[in-house]
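Ready for a few warm-up exercises? Take a look at the structure below, then try each task before reading its solution.

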Amino acid sequence: SGAGKSTIGREVYRQWKQYESNTVLVDGDEIRSLFKQDNAKSSYTTEGRRLNAERIVEICKWLDSQDINVVCCILCIFPDILKANRKQFKNYLEVYIAAPYDILRARDSKGLYMAAEKGEQNHVVGIDIPFPEPVSPDLVLDSSGKSGDFATLADETLKLINHNDKK
C-alpha cells in the first residue's frame, strides 16, 4: 500500500486508452469492492489475498481472450501466480513499483502501517505478511520520488508497452 500502483496505473491507462481504445483498468482495490471483499478482516489474510489475486487473474484472462489491453494494478505476494501469468497472457508485462518502507509509511493514506505498528491492524503486507519481491519483472520503477513523479513513471511503462508491441 502506498507504492503508487493505482496512481501510475491510472495514468498508464489514461494515456494508452487515447491510442488503443480497447484498453481497460483493473485495480485490485476496486475488484475487492466489486466482490464485497473489502471490509471483512479475512479478506486481507494470505488466503483472502490469494482469492482476490486469483479472481483478478481470471478477469484479466477473460479480457485478454477478447483482445483487450489490461492495465492491472495489484499487490501480488504470490510468486507462483506471477510466474503463471507469463504463460497465460498473450503479451504479459510485469512492472514492479518499488518504494522503501519509510516512503510507504509517509504515504499511508489508509493508516495501515501506523495501525499495524501499534498492534491494531493485522494482515499488512510488509509487516506481518511477507512481501517477496518479484523475481523477474520486465520493469522496476522506483516510486520514492528519486526517479521522477508518477507521470514520469507512467511514461516509462508506456515506453515498455510500445516497445513490446513492436516485437
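Before we start, one term: a pocket is an open set of grid points with protein on both sides within 12 Å along at least five of seven lines, and its volume is the space filled by probe spheres set on the points. Keep in mind that this is a predicted model.

**Exercise 1. The largest pocket**

Task: find out what volume the largest pocket has and which residues lie nearest its centre.

Solution:
- Start with the space itself: the largest pocket has a volume of about 1,300 Å³.
- Next, look at the lining, which is made of 48 residues. Nearest the centre are C72, I74, L93, E94 and V95.
- Now ask where the lining comes from. At least two residues each are supplied by α1 (5-19), α3 (46-64), β2 (69-73), α4, β3, α5 (101-106) and α7 (150-165).
- Finally, sort the lining by class: 33 nonpolar, 8 polar and 7 charged residues.

**Exercise 2. The second largest pocket**

Task: describe the second largest pocket in the same steps.

Solution:
- The second largest pocket holds about 840 Å³ of space.
- It is lined by 36 residues, and S1, D29, Y44, K110 and L112 are the closest to its centre.
- Two or more lining residues come from each of α1, α2 (28-34), α3 and α6 (112-117).
- Split by class, the lining of the second largest pocket has 13 nonpolar, 12 polar and 11 charged residues.

**Exercise 3. E94 and K90**

Task: decide for E94 whether it is buried or exposed, do the same for K90, and list what each one touches.

Solution:
- Place E94 first: it sits in the loop between α4 and β3.
- E94 has a relative accessible area of 8%, and buried means under 20%, so E94 is buried.
- Leaving aside residues up to four places away in sequence, E94 touches L82, R86, P134, P137, D138 and L139. Its side chain also makes a polar contact with the side chain of Y92, at 3.4 Å.
- Turn to K90, found in the loop between α4 (79-88) and β3.
- The relative accessible area of K90 is 54%, and the cut-off for exposed is over 50%, so K90 is exposed.
- With residues up to four places away in sequence left out, K90 touches D64, S65 and D67. The K90 side chain reaches the backbone oxygen of D64 at 2.9 Å and makes a polar contact with the D67 side chain at 2.6 Å.
- That partner, D67, lies in the loop between α3 and β2. Its phi is near 60 degrees, a positive value in a residue other than glycine.

**Exercise 4. Strand β4**

Task: work out which side chains of β4 are buried, and which strand pairs with β4.

Solution:
- Begin with the general idea: in a regular strand the side chains alternate between the two faces of the sheet.
- Apply it to β4 (residues 139-142): L139 and L141 point to one face and are buried. V140 and D142 point to the other face and are not buried.
- Then find the partner: β3 (residues 95-98) pairs with β4 in the parallel sense, over 4 bridges.
- To locate the pairing by eye, find A98, which stands opposite D142 in β4.

**Exercise 5. H123**

Task: find where H123 is and what its phi is.

Solution:
- H123 is in the loop between α6 and β4.
- H123 is not a glycine, yet its phi is positive, about 65 degrees.
- With 28% relative accessibility, H123 counts as partly exposed.

Note on methods
Residues numbered from 1 in each chain as written. Predicted model: local features only at pLDDT ≥ 70, side-chain atom pairs only at ≥ 80, totals over all residues. Heavy atoms only, no water. Buried < 20%, exposed > 50% of the residue type's maximum accessible area, 1.4 Å probe, protein only. Pairing = 2+ DSSP bridges. Contact = heavy atoms within 4.5 Å. Polar contact = N/O pair within 3.5 Å; in protein donor to acceptor, adjacent residues only side chain to side chain. 1 Å grid on protein atoms, 1.4 Å probe; cavity = no way out; pocket = protein on both sides within 12 Å on 5 of 7 lines; lining within 4 Å. Nonpolar A, V, L, I, M, F, W, Y, C, P; charged D, E, K, R; others polar.
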